[in-house]
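Biologist: I should like to go through this model with you term by term. For each label, please set the value against the criterion and then conclude.

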Amino acid sequence: MSANIEQGNGGNVAATIKLTRKDYVSDQEVRWCPGCGDYAILAQIQKVMPELGIKRENTVFVSGIGCSSRFPYYMNTYGFHTIHGRAPAVATGIKAANPELSVWVITGDGDALSIGGNHLIHAIRRNLDINIILFNNRIYGLTKGQYSPTSEFGKRTKSTPYGVIDYPLNPLSVALAAESTFVARSVDTFTAHLQDTVTRAMKHKGVSFVEVYQNCNIFNDGAYDMIKANDAKDERMIELKHGEPLVFGKARNKGIRMRSDMHLEVVELGDGISTSDLITHNEKATDSYLAYMLSRMEYPDYPVPIGVFRNVEKPTYEDMLEDQINSVIEKMGPGNLEKLMHSGDTWVIE
Amino acid sequence: MSSTTILNNVEERHIEELDAVTIRFAGDSGDGMQLTGTQFTNTSAVLGNDVSTLPDFPAEIRAPAGSLPGVSGFQLNFSNHDIRTPGDEPHVLVAMNPAALKVNLPDLEKGGLLIVNTDAFNDNNLKKAGYATNPLEDDSLSGYRLFKIPITTANRAALRDVVQISSKEMDRCKNFWALGLMYWLYDRPLEPTMRWIEGKFKKNAEVAKANVTALKAGFAYADATELFTTHYRVKRAAIAPGKYRNITGNEATALGCIAAAVLAERPLFYASYPITPASDILHALSSYKNFGVKTFQAEDEIAAICAAIGASFAGQLGLTGTSGPGLALKSEALGLAVMTELPLVVINVQRGGPSTGLPTKTEQADLLQAMFGRNGECPVAVVAAASPADCFNMAIEAFRIATTHMIPVVYLTDGYLGNGAEPWLLPKIEELPRFEVKFYSDPTTFKAYSRNPETLARPWAVPGTPGLEHRIGGIEKQDITGNVSYDPENHMHMVLTRAKKVDLIANDIPELEIFGEPEGRVLVLGWGSTYGAITSAVEEMQSQGYSVSSAHLRYLNPFPKNLGEVLGRFDRVLVPELNLGQLALLLRAKYLIPAISFAKVKGKPFKISELTAKIKEVYED
Ligand SMILES: Cc1ncc(C[n+]2csc(CCOP(=O)(O)OP(=O)(O)O)c2C)c(N)n1
Ligand code: SF4
């Protein structure tokens with residue numbers, strides 16, 4: 001393990017013994033359906049953990065309820081499998097109580113955006129230094145195949161035999177609207193990309209929100225094949241890179257440009273259009289308008305973006321909480337119980 | 001009140017000694033009646049009287065001025081002896097407008113002293129209060145000793161040439177004018193209130209001056225006009241020596257939680273979502289930042305309890321507080337705390353229900369919710385405070401039990417306790433119960449669900465401890481290892497273990513004490529805020545020679561060990577409750593005794609007289 005990794009999400013730099021992926025594998029048997037995308041995500045996170053420079057005992061995985069939320073049982077760290085939708089709230093308490101800890105929230109699309117929608121946006125807006133990884137399989141897996149808040153309009157599922165009539169939510173748009181300071185997207189099977197995204201999320205000081213496209217081969221198999229299949233992805237996905245123009249296509253011959261009416265448009269390079277006409281990705285932009293527009297890009301109108309949409313700095317909740325306490329102590333002196341009890345109008349009876 | 005005679009001798013107004021007086025101040029919600037009542041209370045307490053108060057505010061923040069729903073009242077009882085309730089019927093009613101008169105007159109004792117602000121009795125206000133004719137001008141108040149005083153005019157006249165403020169601002173001082181008048185009538189000093197005004201309006205000298213002038217003017221008016229022939233004195237009470245302060249239940253709860261954190265040497269983490277009447281605890285704790293308290297105003301009650309659980313997992317004293325509807329929301333997470341066997345304290349300042357119910361009125365109807373309001377077999381420890389000052393003790397007890405037994409504790413108070421005040425004999429810090437909180441740290445012996453043989457508590461192993469990495473959660477756990485387990489035998493074993501854990505707390509709490517003879521005809525058994533009224537009623541009966549005793553439950557789950565035996569020593573067990581008999585139901589179920597329920601669900605506490613009447617009925621039955 002690299003000894004001097006810069007610190008992001010709490011957790012002190014690990015001691016000298018180099019840990020490996022194996023050290024992060026718990027003794028519990030993994031119980032997902034064979035072929036589930038969750039395995040790939042687990043493997044990548046176990047792989048990057050030893051590289052992140054956090055002590056294992058300072059790492060806490062918190063989850064809600066759903067297939068993906070079984071995740072903490074499989075990590076040989078501290079873990080808390082909580083109740084449906086409430087992982088961000090439990091994580092808030094953990095992080096606020098002990099800012100030294102590196103706190104990870106593992107959640108599903110139903111868990112995070114349906115029952116837990118409120119907690120999700122509030123944990124994000126407070127900018128706690130926690131990492132939220134949302135496994136989006138666009139279905140309820142654990143309850144066996146009902147539609148979720150990210151399911152496509154019109155989709156037929158067990159609970160919608162005649163088609164979904166709820167409009168779907170876009171997780172990244174929600175996170176951006178809640179002012180998330182770090183927003184990214186990756187894909188379960190994109191091994192290197194996923195590792196890189198998780199690493200960057202961890203190093204970000206402040207809330208990190210990562211959506212991972214995840215296949216549920218039992219109830220929503222191939223949900224993302226249309227875009228992520230090997231022969232499709234170059235034309236149907238676009239990788240965001242800070243400081244670089246938005247170019248995609250197998251031949252790197254297409255790009256994204258801003259029209260004068262403030263709409264994004266897909267253009268072919270050449271014929272008077274060069275990369276300088278394209279949008280240059282700036283994940284550090286202080287306002288999130290453009291990141292929001294990028295989050296709206298969906299196939300087939302646009303290639304689907306993956307990578308880091310936004311990455312900005314802002315004081316964290318837990319730091320401000322500690323600062324406030326320290327400044328009050330500085331001003332008033334440390335609390336004295338005797339004095340507090342004896343404050344106000346007192347009188348003595350002899 | 002021993003005597004209410006007024007001498008007709010106008011020349012010589014003399015001071016008459018009384019044992020106890022109950023006054024109710026009532027006015028529009030903008031009239032400052034809570035402040036007036038609080039000032040009278042504090043001054044009386046400082047004088048050495050025993051005091052007890054009952055604020056009664058409208059649910060609306062600003063109901064239309066002069067309307068019936070906008071009436072705000074504050075009742076206080078002060079005496080020369082030990083008292084435990086704010087008094088049954090007020091002896092004195094100060095009514096600042098017709099609506100206040102209409103709402104409060106039915107409670108005033110027959111022949112009681114009625115002081116009204118005649119200025120407010122104009123056509124408009126009379127109409128708003130629903131009076132067809134002016135009650136001050138017909139015979140309808142002939143059963144009371146009515147004093148008609150133009151308070152608004154008199155107050156303006158006193159201030160006009162003294163301060164440079166608008167007449168609207170002057171009118172805002174009229175509550176102090178009324179207070180001054182009452183201070184004269186009951187022979188109280190003005191200084192404590194003057195000091196308070198000067199502190200409060202430090203930055204606004206003109207307003208401070210106006211209020212002080214109003215206070216003095218009211219006092220002088222009573223003295224000069226010879227309106228009253230007598231003034232009264234209530235001597236200091238013979239109460240236990242020591243240093244006192246006046247405290248409300250919510251303040252005492254907040255202080256108790258801070259004390260618990262100091263005693264346990266662990267920081268407190270309070271997560272809450274605002275709700276009446278629990279919000280004051282959040283307000284108080286968030287001002288104690290220098291104790292290292294972390295307060296977190298969550299997005300809802302669910303988030304609040306979840307954050308508190310997270311903080312407990314991380315090694316702090318997780319605390320969440322709410323009122324009935326909020327506890328309903330917290331129930332799923334409370335189950336998680338039971339399953340994960342983490343220490344947690346959940347305060348419920350009960351109010352009238354169901355649903356939003358009577359937000360500003362009191363009730364004790366959440367007992368069964370606290371006991372059973374969760375899915376599955378999900379027992380928690382339950383404790384309840386008996387008086388405003390007792391909230392301090394029970395908050396500490398809640399934490400002591402939670403941390404010693406690794407269990408969530410529901411701590412019940414109610415609106416009456418939370419807002420009501422009484423003098424609090426300040427305890428000595430070194431006499432507070434100590435409790436050591438130890439984290440587990442030895443990786444060689446660590447098992448997440450290994451158990452202390454005496455308490456069955458599991459180890460508190462906090463993230464950050466090397467070698468203790470483990471996973472907890474809501475899914476059933478294998479005993480000792482803490483691994484997920486669906487094994488039927490293990491589940492039954494764990495259900496029984498969690499129940500046993502609660503039962504074992506009985507070894508760690510005091511036995512039930514009896515007020516009066518240890519056996520006899522009637523035992524009056526109460527819990528929570530009914531303590532004052534029950535004890536006073538029983539005391540009265542005892543002095544009349546009845547074989548009546550009382551006992552008060554501060555520990556409701558588990559019950560004190562000797563409860564069954566105590567119940568068996570009386571012919572009748574009467575259980576007065578501000579609900580439809582929830583404790584009575586538990587007693588009948590557990591001890592198979594014919595407990596007699598005495599229920600009152602009106603948003604109001606028991607009166608002593610209601611209780612004595614019922615006790616007599618049961619006694620003779
Ligand atoms: C309060 C509550 N309501 C409902 C459920 C049932 N439930 C469990 S998981 C789940 C949906 C999970 O879907 P998602 O978050 O997308 O996770 P996945 O299983 O697909 O990973 C539901 C509805 C529950 N456990 N608790
Ligand atoms: S149901 Fe779907 S999400 Fe759940 S484990 Fe199986 S494949 Fe994975």
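Biologist: What makes the pair formed by a backbone N or O atom of Gly110(A) and an oxygen atom of ligand 1 a polar contact?

Modeller: The model is a predicted one, and every value here is computed from it. A backbone N or O atom of Gly110(A) lies 3.0 Å from an oxygen atom of ligand 1. A polar contact is a pair of N or O atoms within 3.5 Å, so this pair qualifies. By that cut-off the backbone of Ser68(A), with an N or O atom 3.1 Å from a ligand 1 oxygen, also qualifies. Gly141(A) likewise places a backbone N or O atom 2.9 Å from an oxygen atom of ligand 1. The protein covers 77% of the 580 Å² of accessible area that ligand 1 has on its own.

Biologist: Which residues are closest to ligand 1, and between which chains does ligand 1 lie?

Modeller: Ligand 1 is surrounded by 17 residues, and the closest are Cys67(A), Gly110(A), Asp111(A), Asn137(A) and Gly141(A). Ligand 1 lies between chains A and B. Helix H4 of chain A, residues 109–115, supplies the largest share of the shell, 4 residues. By class, the shell of ligand 1 holds 6 nonpolar, 8 polar and 3 charged residues.

Biologist: How do you know what character the shell around ligand 2 has, in nonpolar, polar and charged residues?

Modeller: The residues around ligand 2 include Trp32(A), Cys33(A), Cys36(A), Ile218(A) and Phe219(A). Cys, Trp, Ile and Phe count as nonpolar. Asn137(A), Gln214(A) and Asn217(A) are also among the residues around ligand 2. The division is 7 nonpolar, 3 polar and no charged. Cys67(A) and Asn137(A) are listed for ligand 2, and both are also among the closest residues to ligand 1.

Biologist: Why are strands S8 and S10 of chain A called edge strands?

Modeller: The open sheet in question has 3 strands in the order S8-S9-S10 (chain A), with antiparallel pairing. Strand S8 (247–248) and strand S10 (264–268) each pair on one side only, and they are the edge strands. Strand S9, residues 254–258, pairs with S10(A) over 5 bridges in the antiparallel sense. Pairing requires at least two bridges, so S9 and S10(A) meet the criterion. Within this pairing, Ile256(A) has Val266(A) as its bridge partner in S10(A).

Biologist: What is the strand order of the sheet of 9 strands, and which strands are its edges?

Modeller: This open sheet has mixed pairing and the order S7(A)-S11(A)-S5(A)-S6(A)-S4(A)-S3(A)-S1(A)-S2(A)-S17(B). Its edge strands are S7 (237–240) of chain A and S17 (471–473) of chain B, each pairing on one side only. With direction ignored, neighbouring strands are turned by 20 degrees against each other on average.

Biologist: How do you know that S5 and S11 of chain A pair?

Modeller: Strand S5 (residues 182–187) and strand S11 (residues 304–311) run antiparallel and are joined by 4 bridges. At least two are required, so the two strands count as paired. Val183(A) stands opposite Arg310(A) in S11(A).

Biologist: Why is chain B called as compact as a globular protein of its length?

Modeller: Chain B has 20 helices and 23 strands. Its radius of gyration is 27 Å, close to the 25 Å that the globule rule gives for 621 residues, so chain B is as compact as a globular protein of that length. For chain A, with 350 residues, the radius of gyration is 23 Å, which agrees with a compact globule near 20 Å.

Methods. Residues are numbered from 1 along each chain as its sequence is written. Chains are lettered from A and ligands numbered from 1 in the order in which they are written. This is a predicted model: local features need pLDDT of at least 70, side-chain atom pairs count only at pLDDT 80 or more; totals for chains, interfaces and linings use all residues. Side-chain values use heavy atoms; hydrogens and water are left out. A residue is near a molecule or strand if one of its heavy atoms lies within 4 Å of it. A polar contact is a pair of N or O atoms within 3.5 Å; within protein, one must be able to donate a hydrogen and the other to accept it, and residues adjacent in sequence count only if both atoms are side-chain atoms. Accessible areas come from the Shrake-Rupley method with a 1.4 Å probe; for residues, only the protein chains shown count as cover. Axes are lines fitted to C-alpha atoms, for helices over the stretch in contact, and angles run from 0 to 180 degrees between N-to-C directions. The radius of gyration is taken over C-alpha atoms; the globule rule is 2.2 Å times the number of residues to the power 0.38.
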